[in-house]
Each structure stands twice: as C-alpha cells, then as structure tokens.
Amino acid sequence: MTLRMDVLLAILGMALATYLCRAGGYALFRALRPPRAVEVTLQHLPGPIFVAYVAPALAAQGVKGFAAAAVVVAVQAATRNLAAAIGAGVAAIWVFGMVA
C-alpha cells in the first residue's frame, strides 16, 4: 500500500474545510447574537433533518419499513429505552422481510 500525495492532500483539505465550517459557526454565534426567530428555527431543525434522512429509507422499504418504524416508535414510547427500540426495529424489519 502506497501513500498517494493527491489523496492525502484531498483528505487533509476536507478535514480543514470541515473544521473551518464548524469553528466558523461557533465564532459567528459567539460574536453576533442571532435574532429570536433564527434561534427558534435552529432549535427545531434537528427533527426535520432526521426525517429528511429517514423518510427515503422508509419509502424504499415500502409498507414493511413504515411498519417497522411504527414498532420503533411504540417500543420507545413504552420503554423509553433507545437500545430496546433499535433492537425492536431491527427485529421487526427482519420479521417483516421474512413474511413479505
């Protein structure tokens, strides 16, 4: 295995870009106080981002994906245990895959 300089520079460049994006956001919000509307929007942003990642995967699985998601929500609501909810979701998608 050899170390290619172009690959190394690409990795280091992306690491620097990632760091600058994160540090820049912290520096910006430390220096400037955003308006209240921006603060409220940023507080509610993680949920829609999560749904934007999960919805296409559920849609790709069809009915069994949405049924497994319902199992996850039900187990999480009943137990308040994330590990149990994840396990139930994995088991549900496996069982629904065996049935369908």
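This short talk walks through how the helices of this model pack and what lines its largest pocket.

Before I begin, please keep in mind that this is a predicted model, in which local features need pLDDT of at least 70 and side-chain atom pairs count only at pLDDT 80 or more, while totals for chains, interfaces and linings use all residues. Residues are numbered from 1 along each chain as its sequence is written, and side-chain values use heavy atoms, with hydrogens and water left out.

Let me start with α2 and α3, where helices are DSSP runs of H or I with at least four residues, numbered from the N terminus. The axes of α2 (residues 36–44) and α3 come within 4 Å and cross at roughly 40 degrees, an axis being a line fitted to C-alpha atoms over the stretch in contact, with angles from 0 to 180 degrees between N-to-C directions. The two helices are therefore oblique to each other, a word for angles left over once those under 35 degrees count as roughly parallel, over 145 as roughly antiparallel and 65 to 115 as roughly perpendicular. Leu42, Gln43 and His44 of α2 make the contact with Pro46, Gly47 and Pro48 of α3, where contact means heavy atoms within 4.5 Å.

Moving along the chain, α3 and α4 pack at an angle of about 125 degrees with their axes 5 Å apart, and these helices are therefore oblique to each other as well. From α3, Leu58, Ala59 and Gln61 meet Val63, Lys64, Gly65, Phe66 and Ala69 in α4.

The next pair is α4 (residues 63–79) and α5 (residues 82–99), which pack at about 155 degrees with their axes 8 Å apart. That angle makes α4 roughly antiparallel to α5. Among the residues that meet here are Val71, Val72 and Val75 in α4, and Ala88, Ile93 and Phe96 in α5.

What, then, is the volume of the largest pocket? The value is about 190 Å³, a volume being the space filled by probe spheres set on grid points joined across faces, edges and corners. A pocket here is an open set of points on a 1 Å grid over the protein atoms alone, where a 1.4 Å probe fits, with protein on both sides within 12 Å along at least five of seven lines, and lining residues have an atom within 4 Å of a point. Phe50, Val54, Ala57, Leu58, Ala69 and Val73 line this pocket, and the largest share of that lining, 4 residues, comes from α3.
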